[in-house]
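Visitor: Hi! Could you walk me through this one while I have it open?
Guide: Happy to, go ahead and load it.

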Amino acid sequence: MTIMDSLPAAPHVGETLGRYTVERVEALPEMQGTLVLLRHELGARHAHVIRADDNSAFGVTFPTVPKDSTGVAHILEHVVLMGSQRFPVPDPFFSMLPRSLNTFMNAMTASDWTTYPFSTRNEKDFFNLLAVYLDATFFPLMRYESFRQDGHRFEFATPDDPTTPLKLQGVVYNEMKGAMASPGSVMWRAFGKALYPDLTYANNSGGAPEEIPNLSYEGLRAFHAAHYHPSNAFFYTYGQLPLARILDAIENHVMAQFAPQTLDVSIPDQPAFDAPRHESAVYPGTDVERGAQVLVGWKLGHSSDPDLNLRWSVLSDVLLGNPAAPLTRPLIESGLGSALADGSGYRDSFREGAFAAGLKGLPAGKAAEVEALVLRTLEEIAAQGIEPELIESSLHQFEIAQKEVSNSGYPFALGVMFRLLGPWLQGGDPVTGLRLDAQLSRLRADLARGPVFEPMLEGLLANPHRVTLEVAPDPALAERAEADEAALVERLSADFTDEDRARIVADSLRLKELQGQEADRSVLPTLGLGDIPTAAPAVTYQTEQPGRARVARAAQPTGGLTYLDVQLRLPALPDDLLDALPLYTFAVTRSGAAGQDYVSLARRIEAVTGGVSAAVGVGTPPDDLNAVRLAVTFSGKALARNAPALVGVLRDLIAAPDFTRDRLEQLLKQRLAGLQASVVQAGNAYAERLAAAQLSATGAVQERFSGLTALATLKATVEGEGGLDALLDRFGRLRALIRTAEPLLALTATPDDLNLDLSPLTDLFSGDAPVGRPAPALPTRAPQARTTDVPVSYNAVAFPTVPYTHPDSPALLVLSRVLRSEYLLPELREKGGAYGGAASFDPREGVFAMSSYRDPHVARTFQVFRDARAFLNGDLGERELTEAILSASKILDPLTSPDTAGRRRIYGDHAGYTQDLEQTYKARLLAVTLDDLRRVMDTYLTEGRATYGVVTGRDPNSDELRALGLTFDVQAI
Ligand SMILES: [Zn+2]
């Protein structure tokens, strides 16, 4: 689909469309769109955004206000996606993923609402997904077995043997056990409870593992009937599809089946505290020296008030928005902790907003010190006044956010939904979430009259509704939680009769039987191979070659922003520099440069750019997996009027960075804390990297850049004697080496802004580039396990395969999609109780991997990986093949936007992944057969080629693993 020349016209206020009435129509000039707000007779609200974007979006959101921590809203979110009246298959949601060309599909439970959004570039797909989403949310089957599978259930250790120990099981139950092991999640939930103890925010909306078993099946159904009703629904649609057709579909599928109903989901105000409070919470962890954090937070006014919301957003950005910010800097420089605490900043997700600040990377018992530091610093800022330049810098950041149209990270089509949802759900004006102009001009007028932010700070300091919250690791908690779980099982099952035990066995067997049944997925709508676009999108750009540099300029409708990247391909590096490189790119944009210290440089970056970054990348050419390419890329964006200043910033970062020992120490501690926290969230990626590192030089380099090896190296640098001085010396060598690289500059801007003078950058690279390609040593093979404080495991196996240009590559990509949806998800998630299971294949890296996420098993999962070949011999048909090809084509056609389309093409061409090669790959993909899948599996995914990685809570070596021929090298993280 291409962008249409003319958009559908907006309806008029007062016009009726069926049983809908148009209540408001508002222009959205910054994003060149129109917002239409409608109301249905049954009370449903609908926001429709008309905008020239080939990506269309839908979302339906229900305020869900739980009264306990049984996780009812979260379990409901899982269960509604397990079969509906028109689509009675066990997993319509997962089944649609490969039948669609969606650019986003998900469901999310927040503390007081639940939302079901999707987006797609294909019109047929939009209406297919709409039908499935509407049926799932309004007419779910909510089978008892679904409740037991994803909520909670009793099961005997050997399910058909009532003499074995009883256990609690359930997908959400296990998911929340994993989530509550992360300090960030514990902090976030404890913060809501501490600041709003009388409201719904005091509950764990995801479900507290010890309370989940209190949820009854009837309670779940009643919660659905009350909340998932048109009168309590907020619909959102976006794009250029005709509104009348969308509303018709909703009327016929949903509205026609409902009678009016009312539900009070309003959240009252939290009664104000008379005096500040102190609270604490714990998570399972052993790092008592650095694992604690302290957050000081206040309750503010209603976050649906647009002026208040904007002002606190700006003030929060001024105080905390960058390393030099007046609250961030004294906190970090105090040396008490290493980084801002999770939850720092302004939060409008509560009905009454919150502002908080604090530190992490602390030993326990520092609450009083951090509290005193935060209060003292805020008092000083209020007394001395905030420099007007800082406020201007922050307002400039809001200008950029208003103008930028980007699908990076998140489709813009759904970003618009989340911006309007905040005020909308809280009874405010949804338009204020999309148009800041009125609030901004009132703020500017007030600022011209006198101080605005200083009185806000004084009010904050005088506000007794304050909480100081400490979250600390408790080394005994994991063990205690296990004992508590055993006691809970004991208590709940104390009165069980023989009949009860027989019923548990019968229920387990029934669940197993249902899971084993072949579902008829043909009731679900689907796209066909003919719906896959075959041509790679054409993007044009101009090139020039000043000296050693190459420059590419791409014209795009960027909304007035300029994006600039400088990619520097590096020559061979000695091992010690290789390890230092990711630390260099982390530190370089956060330190000083060209005579400015880090504070001055951070202020300069905030004043003239929308952010700069540096990253290290490793890749291979399309036809050779053994050639390693290393590059460092410096990137930034700015309003076009500031583009020359952006060039200056990048030049200083590349040519004249200044590192000081003190600043570097702070930064490395921050990075260490961040990496340690990421292990729980991304354990599967770390496990995959451990496995892939044993396969190729590229994999080994990636492990050293971003795997657990990088974490170990960093820890040794921070904690070892003389580590910092040695690193500073390596940074000096890297700085010199970077000037010898081969540069490629990519500029993206509107046609008017494309002639930017880039010579200050290209002049840095004169003379010949040194020869020599990176040739890191090949790794050795041995199954690798890393242990850390998690109650679950992340298991991975990897295989070496072929480069991008090899004819088997597309079949491997299709195979990864088949195994993921048809085999690993059912086996690991539904039967094994893991939160997720996946197969992945990166065509540019040639590594095929299978992994599990938040998995209660190790040996069972590796057996499942082994049995993949037997699954392929089963009755796999054309439907599965078509779905896998559709799914694979999505990976090849990622959603781009004006900020990324040009860069993607420029970098692709430069690395040899040309449009021609992409089209050849796509043509081969469409021709993949079932026999190809079996053949590539037999050729490449054999036991002799496999490598293994595990991230887990304890030594995984067991008799069952040894029976599989696996013995892991175990190291603690
Ligand atoms: Zn979940």
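Visitor: Where does Glu-175 sit?
Guide: Glu-175 is in helix 5. Keep in mind that this is a predicted model.

Visitor: Is Glu-175 buried or exposed?
Guide: Buried, with a relative accessible area of 10%. The cut-off for buried is under 20%, so Glu-175 at 10% qualifies.

Visitor: And how many residues of helix 5 are buried?
Guide: 8 of the 9 in helix 5, which spans residues 171-179, so the rest of the structure largely encloses this helix. Among the buried ones are Val-171, Tyr-173, Met-176 and Ala-179.

Visitor: What does Glu-175 touch, beyond its neighbours within four places in sequence?
Guide: Its contacts there are His-74, His-78, Tyr-835 and Arg-854.

Visitor: Switching to the metal: which protein donors does the zinc ion have?
Guide: His-74 and His-78 each give NE2, and Glu-175 is listed twice through OE. These donors lie 2.1 to 2.6 Å from the zinc ion. Along the chain their spacing reads H-x3-H-x96-E.

Visitor: Which parts does the pair of His-74 and Glu-175 tie together?
Guide: His-74 lies in helix 1 (residues 72-80) and Glu-175 in helix 5, so the pair links parts that are 101 residues apart in sequence. Both His-74 and Glu-175 are buried.

Visitor: Why is the arrangement around the zinc ion irregular?
Guide: Because the 4 donor atoms subtend angles of 53 to 151°. Four donors count as tetrahedral if all angles lie between 85 and 135 degrees.

Visitor: One last thing: what separates the C-alpha atoms of Glu-175 and Gly-206?
Guide: The separation is 9.1 Å, for two residues 31 apart along the chain.

Conventions: Residues are numbered from 1 along each chain as its sequence is written. This is a predicted model: local features need pLDDT of at least 70, side-chain atom pairs count only at pLDDT 80 or more; totals for chains, interfaces and linings use all residues. Side-chain values use heavy atoms; hydrogens and water are left out. Buried means under 20% relative accessible area, exposed over 50%, partly exposed in between (1.4 Å probe, protein chains only). Helices (H or I, at least four residues) and strands (E, at least two) are DSSP runs, numbered from the N terminus. Donors are N, O and S atoms within 2.8 Å of the metal (3.2 Å for Na, K and Ca); water is not among the atoms, so sites may look incomplete. Four donors count as tetrahedral if all angles lie between 85 and 135 degrees; four count as square planar and six as octahedral if opposite donors are over 155 degrees apart and all others between 65 and 115; anything else is irregular. Contact means heavy atoms within 4.5 Å.
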